[in-house]
Amino acid sequence: MRITIFGTGYVGLVTGTCLADAGHDVLCVDVDPAKVEALNQGQVPIYEPGLAPMVARNRQEGRLSFTTDAEAGVAFGSLQFIAVGTPPDEDGSADLRYVLAVAATIGRHLDDYKLVINKSTVPVGTVDKVRAAIAAELQQRGRDIEFDVCSNPEFLKEGAAIEDFTRGARIVVGTESGRVRELMRECYGPYNWNHDKLIFMDPRSAELTKYAANAMLATKISFMNEMANLAERLDADIEHVRLGIGSDPRIGYHFIYPGCGYGGSCFPKDVQALARTARDVGYDAHILTAVDAVNQRQKASLYDKLAAAFDGDLAGRTVAVWGLAFKPNTDDMREAPSRVLMEAVWAAGGKIRAYDPEASRECRRLYGDRPDLEVVAHRHEALEGADALVICTEWKEFRVADFATIKSALTTPVIVDGRNLYEPEAVRKAGLLYFAVGRGNRV
Ligand code: NAD
């Protein structure tokens with residue numbers, strides 16, 4: 001099939017590349033000329049395991065190309081995916097500006113039947129808005145051309161995006177049309193081999209499914225963080241509690257790790273957007289607002305623990321940070337707990353020496369050349385001259401640490417661990433003060 005993808009971010013680029021890899025002909029359109037130019041020169045602007053060689057292979061075989069020419073994009077694909085960003089608006093609702101801009105572009109250039117597939121995470125009812133935006137453009141042109149719009153939310157995780165796209169648990173499609181169902185079956189056929197993963201439903205339910213999935217996952221995290229905060233105050237160890245409850249198959253071990261809060265481009269904005277949608281229909285979504293509030297408090301807890309270890313005074317202190325990305329295996333720092341920590345340290349007059357295996361460039365892009373930030377190339381370099389170490393991301397390379405080296409490098413022996421990477425006894429035996437999440441010792 002000939003497929004056009006609007007948006008070459010994490011979702012659009014992975015979708016386009018995986019569909020090309022399965023044999024489709026894919027043209028990706030983005031409004032960012034620098035991104036398109038980089039991709040056309042074989043550079044992949046984001047870090048996602050396995051993506052760069054897959055992009056290269058499919059470009060070489062002529063099945064994957066990139067352009068800023070939206071008109072050419074509309075002409076190219078019989079399927080038109082919308083995979084642009086839906087950032088939060090000022091009131092927490094999803095900003096549909098980019099999605100509707102693509103819809104208008106499609107309407108402006110449509111010449112024959114196309115199926116428009118919305119992959120961005122959007123509020124319930126957006127399929128209707130996209131349809132209306134296309135129809136309005138067609139009306140203005142005095143054209144009557146048939147088209148369909150369906151919902152196809154994306155469930156991939158950054159850091160495992162290719163695996164999730166190609167071997168995901170389900171492919172949700174929101175449509176009432178038999179023709180659309182057939183086209184979507186054909187599109188996803190190569191990744192629907194082992195068993196039928198396509199779940200068809202009406203568009204509104206499909207749109208809500210995406211928000212419900214993210215809200216449920218965010219709820220698991222905030223619930224565990226709430227339990228961890230209780231454990232801290234009750235002298236219990238949340239890691240024992242985690243194993244104790246995870247053993248019940250109704251609960252399970254997945255996704256119940258306590259930590260320093262969830263970040264990224266999805267959970268925070270999606271939980272807030274769903275709460276906002278609820279308010280709009282006159283329903284107070286208590287769980288959603290609590291999940292968000294707990295998360296914001298949890299992100300702030302890294303700084304609170306650090307500050308308490310220094311009697312509230314971090315002025316002139318240097319803090320080593322291990323991990324900047326919001327989770328391992330990505331360079332994405334959107335809504336990352338590390339940012340809340342670093343900004344609080346700066347506001348208190350402290351300095352940061354940070355290390356991340358992939359997010360250095362992104363950190364420099366976000367914060368520029370500040371005199372109170374040094375991004376270094378090795379985790380041990382971050383410790384040089386630092387007063388304390390804070391761990392924000394559970395990269396694999398942090399899981400084993402030489403505590404003697406850490407102790408001798410730090411001017412004060414303080415580790416604040418936002419990911420519970422180490423056994424408290426082992427760290428304390430090395431003479432370090434160790435403040436993890438829900439593991440018994442409050443500062
Ligand atoms: P992103 O910000 O990484 O990428 C969006 C891209 O769209 C950018 O490259 C931008 O330049 C481009 N764009 C904006 N307007 C455009 C236009 N008019 N025409 C063409 N391109 C345009 O976003 P993302 O992380 O890929 O997310 C995209 C959507 O998918 C969002 O709704 C998000 O909530 C959802 N989603 C994201 C993830 C994830 O893990 N990142 C997972 C599932 C769903």
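The exercises below treat the chain as a whole, its domains, the ligand shell, two helices and one glycine.

The model is predicted: local features need pLDDT of at least 70, side-chain atom pairs count only at pLDDT 80 or more, and totals for chains, interfaces and linings use all residues. Residues are numbered from 1 along each chain as its sequence is written.

**Exercise 1. Describe the overall build of the chain.**

Step 1. The chain has 17 helices and 14 strands; helices (H or I, at least four residues) and strands (E, at least two) are DSSP runs, numbered from the N terminus.

Step 2. The radius of gyration is 24 Å, close to the 22 Å that the globule rule gives for 443 residues, so the chain is as compact as a globular protein of that length. The radius is taken over C-alpha atoms, and the rule is 2.2 Å times the number of residues to the power 0.38.

Step 3. Of the 443 residues, 47% are buried. Buried denotes 20 or more other C-beta atoms within 10 Å of a residue's own, exposed denotes 12 or fewer, and partly exposed lies in between, with C-beta atoms placed from the backbone.

**Exercise 2. Identify the domains and describe their contact.**

Step 1. The assignment, which is automatic or from a database, gives domain 1 (2-201) and domain 2 (235-435).

Step 2. The contact takes 14 residues from domain 1 and 16 residues from domain 2; two residues are in contact if their C-beta atoms, placed from the backbone, lie within 7 Å.

Step 3. On the side of domain 1 that touches domain 2, eight residues are nonpolar, four polar and two charged. Here Ala, Val, Leu, Ile, Met, Phe, Trp, Tyr, Cys and Pro count as nonpolar, Asp, Glu, Lys and Arg as charged, and the others, Gly among them, as polar.

**Exercise 3. Characterise the shell around the ligand.**

Step 1. There are 26 residues around the ligand, of which Gly 7, Gly 9, Val 11, Ser 120 and Thr 121 come nearest. A residue is near a molecule if its C-beta atom, placed from the backbone, lies within 6 Å of it.

Step 2. By class, the shell holds twelve nonpolar, nine polar and five charged residues.

Step 3. Helix 1 (10-21) and helix 5 (97-109) each supply at least two residues of this shell.

**Exercise 4. Determine how the buried residues of helix 8 and helix 2 are arranged.**

Step 1. In helix 8 (residues 178-188), Val 180, Leu 183, Met 184 and Cys 187 are buried. They cover an arc of only 100 degrees around the axis, which puts them on the same side of helix 8. The arc is that of the directions from the helix axis to the C-beta atoms.

Step 2. The buried residues of helix 8 pack against several strands, among them strand 4 (79-82) and strand 5 (114-118). The face turned away from the buried side carries the exposed residues Gly 178 and Glu 182.

Step 3. In helix 2 (residues 33-40), Lys 35, Val 36 and Leu 39 are buried. These residues fall within an arc of 95 degrees, so they line one face of helix 2. They pack against strand 3 (64-67).

**Exercise 5. Describe the surroundings of Gly 7.**

Step 1. Gly 7 lies in the loop between strand 1 (2-6) and helix 1.

Step 2. Gly 7 counts as buried because it has 26 C-beta neighbours inside 10 Å.

Step 3. Leaving aside neighbours within four places in sequence, Gly 7 is in contact with Gly 12, Asp 30, Ala 83 and Val 84.
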